Amino acid sequence: MFVVSKLFWNLVQPLSLVFVFAGLALVMIWMRWVRMAAAALSLSLIVLFLTLYTTLGSLLLQTLEARFPRPAADPRELSCMIVLGGAFETEVTTTRGGMDLNQAADRFVEALRLAIRYPQARILVSGGDGSLSGAFEGDAAASVRFFEAFGISRDRLIAETTSRNTDENAQNSRELLASSGLRQCLLITSAFHMPRSVGLFRKAGVEVTPWPVDYRTAGNVSFALDFTQPSLNAQQMSTALREWVGLLAYRMLGRIDAVYPAP
């Protein structure tokens, strides 16, 4: 199922869909289905235009980010936090060592801030190698270097190194939390990723307090044309579509109880 999900996403992400529709149009032209070819080509151009030159991706992402508002203040006490992987450039860290971070770095920056403020809190980092090749170290392995570099004791860390996706994050974390006697942890992940994550942890029977970070929108986006930053628009659309497709797929598979989990 993991491999199928990876291949499926490679096929349905926005720019891939552009080539799929364009390829269908070429096949239909060869078969002399002119009207169907025109329709497929039109779909290709519409998807391309919406992806590159509108704020639709940011709008879809903003909706996800607003689902679970971040608490206004830090908790009075904190015994544990769960940090979901996806913030380390593991292809780089595997060969070069170090702790190179990507756009989701705020997951670990926030966890570090909380770890310093609450020195008794345990930190469970969930994230193995989510690549198809299986040739890279996961976030959990890289995070040990990260936290130790800032003086966080190794005995405070719980590294869950085998999960390859968010569903496995929840299932594997449940077992480690139970064996460590930990409950009612903060769940730290990107704001757009929080609805799917909370849905999966709920289904796994793990009580968590959502702690969203890594916002990708300003929160006041409306639909508009935007010819100034097509590469960013494409990235926002891809990120948003991946989450929405993931929510629908997990609901269809029964891995979450609602298409759009709510607080």
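**Aromatic pairs, helix packing and selected residues in the predicted model**

With ring centres within 6.5 Å taken as the criterion for pairing, the count comes to ten aromatic pairs in what is a predicted model. A pair of aromatic rings is described by the distance of the centres and the angle of the planes. For Phe88 and Phe146, the centres are 6.1 Å apart and the planes stand at 75° to each other, an arrangement that is edge-to-face. Phe88 belongs to the loop between β1 (80-84) and α5 (90-96), whereas Phe146 belongs to helix α7 (residues 139-149), so this pair ties together parts that are 58 residues apart in sequence. Both partners are withdrawn from the surface by the criterion of under 20% relative accessible area: Phe88 is buried at 4% relative accessibility, and Phe146 is buried with a relative accessible area of 5%. A further pair is formed by Trp244 and Tyr260, whose ring centres are 5.1 Å apart and whose planes meet at 45°, so the pair is classed as tilted. Trp244 is located in helix α10 (residues 230-252) and Tyr260 in the segment after α10, 16 residues apart, and the pair thus links distant parts of the chain. The ring of Tyr260 also has a charged neighbour, as Arg67 lies over its face at 3.8 Å from the ring centre. Returning to Phe88 and Phe146, these two residues are joined through ring pairs with Phe108, Phe147 and Phe150 into a cluster.

The packing of helices was examined next. Two packed helices are described by the angle between their axes and the distance between the axes. Helix α8 (residues 166-180) packs against helix α9 (residues 194-203) at an angle of about 40°, the axes being 9 Å apart. Angles under 35 degrees would count as roughly parallel, and α8 and α9 are therefore oblique to each other; their crossing is right-handed. On the α8 side the contact involves Thr166, Asp167, Asn169, Ala170 and Ser173, which meet Arg196, Ser197, Leu200 and Phe201 of α9.

Helix α9 also packs against α10, in this case at an angle of about 25° and with the axes 9 Å apart. The two helices α9 and α10 are therefore roughly parallel to each other, and their crossing is left-handed. Pro195, Arg196 and Leu200 of α9 make this contact with Glu243, Gly246, Leu247 and Tyr250 of α10. Arg196 and Leu200 of α9 are thus among the residues that meet α8 and are also among those that contact α10.

Individual residues of these elements were then considered. Ser197, which is placed in helix α9, is buried at 0% relative accessibility. Apart from residues up to four places away in sequence, Ser197 touches Leu84, Thr166, Leu187 and Thr189, and Thr166 is one of the α8 residues named in the helix contact described above. Arg242, in helix α10, is partly exposed, with a relative accessible area of 40%. With residues up to four places away in sequence again left out, Arg242 touches Lys6 and Trp9. The C-alpha atoms of Arg242 and Leu48 are 16 Å apart in space, and the two residues are 194 residues apart in sequence.

Ser190 is found in strand β4 (residues 185-190) and is buried, with a relative accessible area of 0%. Its contacts, not counting residues up to four places away in sequence, are with Ala104, Arg107, Val213, Asp214 and Arg216. Ser190 and Val92, which are 98 residues apart along the chain, have their C-alpha atoms separated by 21 Å.

Asp214, one of the residues touched by Ser190, has a positive phi of about 55° although it is not a glycine. Asp214 is situated in the loop between β5 (208-213) and α10 and is buried, with a relative accessible area of 5%. A positive phi, of about 65°, is also found at Arg32, again a residue that is not a glycine. Arg32 lies in the loop between α2 (14-30) and α3 (34-53), and its relative accessible area of 74% places it among exposed residues, whereas Asp214 is buried.

Conventions: Residues numbered from 1 in each chain as written. Predicted model: local features only at pLDDT ≥ 70, side-chain atom pairs only at ≥ 80, totals over all residues. Heavy atoms only, no water. Phe/Tyr/Trp six-rings, centres within 6.5 Å; stacked < 30°, edge-to-face > 60°. Helix = DSSP H or I, 4+ residues; strand = E, 2+ residues; numbered from the N terminus. Buried < 20%, exposed > 50% of the residue type's maximum accessible area, 1.4 Å probe, protein only. Lys NZ or Arg CZ within 6 Å of the ring centre and 35° of its normal. Axes fitted to C-alpha atoms, helices over the stretch in contact; angles between N-to-C directions. Parallel < 35°, antiparallel > 145°, perpendicular 65-115°, else oblique. Left-handed = near helix turned anticlockwise from the far one by under 90°. Contact = heavy atoms within 4.5 Å.
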